[in-house]
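Reader: I am new to this structure and would like a close look at a single part of it, the largest pocket and what surrounds it. Could you take me through that part with care?

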Amino acid sequence: MSVAEGLARVEARIRLACVQAGRPRESVQLLAVSKLKPASAIREAYLAGQRYFGENYAQELRDKAEELADLPGLVFHAIGPLQTNKAKYVAKAAAAFHALDRREVAEELSKRRQGGPLPCFLEVNVGAEASKSGVTEAALPALLAQVGALPNLRVVGLMCLPPLGSQPEDARPYFRRLKRLADDVGLLQLSMGTTLDFEAAILEGSTCVRVGTAIFGER
Ligand SMILES: *Cc1c(COP(=O)(O)O)cnc(C)c1O
């Protein structure tokens, strides 16, 4: 399957999920996750109309942003765990950061950011899994306050990667929980849903689905 075909299929599935959820298509942003895929695959998706891309690794994001600088309107979001020494790449090349879970990283990003605050999602470890990044629910209010005090970051929402279940439906209680947490603190955006479960995420209120494999194929 070509990238354009993968994209068209995902787009059709998003539309259907939006209809089922009674939501307008524009209420969900599709982030095409291009990590470990070549810049040529991003070009292909761009030519098919896709503008928003998600990258996990800071240096890869920096390199691809440079290589694809000729494409107007192309936007990268950083979606993976970040080390403080690489925050500078994200501060410079990303239009948003989805995996903020530590004050140290937030401080470094704010220090390095120029040209307007960086929109950030706080990542919540909704399944309280030892293997996953993200703050615990209990630590969320403190992180929110810390990040809120930084001049060059703006918290726009919450993000999660739910525990791996045997079917997409298994993720729904976790998505619902994230929505509840966001509502409680007045955050409007929810970055949730991947190839495995993006329709379930849309039904639970996702405003940004991060889809890689269904568009670009296996990594
Ligand atoms: C890789 C990745 C995705 C995309 O996963 P797919 O299963 O390929 O759709 C989404 N979110 C995060 C944080 C990722 O690391």
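Author: What follows starts at the pocket, turns to one of the residues of its lining, and then moves on to a second pocket and to some salt bridges.

The model is a predicted one, and its largest pocket holds about 520 Å³ of space. The lining of this pocket is made up of 29 residues, and those that lie nearest its centre are K35, L161, T194, L196 and R210. Sorted by kind, the lining of the largest pocket comprises 12 nonpolar, 10 polar and 7 charged residues.

Of the residues nearest the centre of the largest pocket, K35 can be followed further, beginning with its place in the chain, which is the loop between β1 (29–33) and α2 (39–47). Is K35 buried, or is it exposed? K35 is buried, and yet it has no salt bridge, since the nearest side chain of opposite charge, that of E55, is 8.6 Å away, whereas a salt bridge requires the nitrogen and the oxygen to be within 4 Å. When neighbours within four places in sequence are left aside, K35 is in contact with G54, E55, N56, Y57, E60, K64 and R219.

Two of these contacts of K35, N56 and Y57, also appear in the lining of the second largest pocket, together with A58, Q59, P81, L82, Q83 and K86. The volume of the second largest pocket is about 160 Å³, and its lining divides into 4 nonpolar residues, 3 polar ones and 1 that is charged.

Although K35 has no salt bridge, the count of salt bridges in the model comes to 17. One of them joins E11 to R15, with the closest N and O atoms 3.3 Å apart; both residues lie in helix α1 (residues 3–21), where they are 4 residues apart, about one turn of the helix. R15 counts as partly exposed because its relative accessibility is 47%.

In helix α5 (residues 103–112), E107 and R103 are likewise 4 residues apart, about one turn of the helix, and their side chains meet in a salt bridge of 3.4 Å from N to O. E107 has a relative accessibility of 37% and therefore counts as partly exposed, and R103, at 37%, is also partly exposed. A further salt bridge brings together the side chains of E129 and K132, at 2.8 Å from N to O, and K132 is partly exposed, its relative accessible area being 25%. Finally, E169, R172, R176 and E204 are joined into one network by salt bridges that share partners.

Terms used. Residues are numbered from 1 along each chain as its sequence is written. This is a predicted model: local features need pLDDT of at least 70, side-chain atom pairs count only at pLDDT 80 or more; totals for chains, interfaces and linings use all residues. Side-chain values use heavy atoms; hydrogens and water are left out. Helices (H or I, at least four residues) and strands (E, at least two) are DSSP runs, numbered from the N terminus. Buried means under 20% relative accessible area, exposed over 50%, partly exposed in between (1.4 Å probe, protein chains only). Lys and Arg count as positive and Asp and Glu as negative; His and the chain ends are not counted. Contact means heavy atoms within 4.5 Å. On a 1 Å grid over the protein atoms alone, a cavity is a set of points where a 1.4 Å probe fits but cannot get out, and a pocket is an open set with protein on both sides within 12 Å along at least five of seven lines; lining residues have an atom within 4 Å of a point. Grid points are joined across faces, edges and corners, and a volume is the space filled by probe spheres set on the points. Ala, Val, Leu, Ile, Met, Phe, Trp, Tyr, Cys and Pro count as nonpolar, Asp, Glu, Lys and Arg as charged, and the others, Gly among them, as polar.
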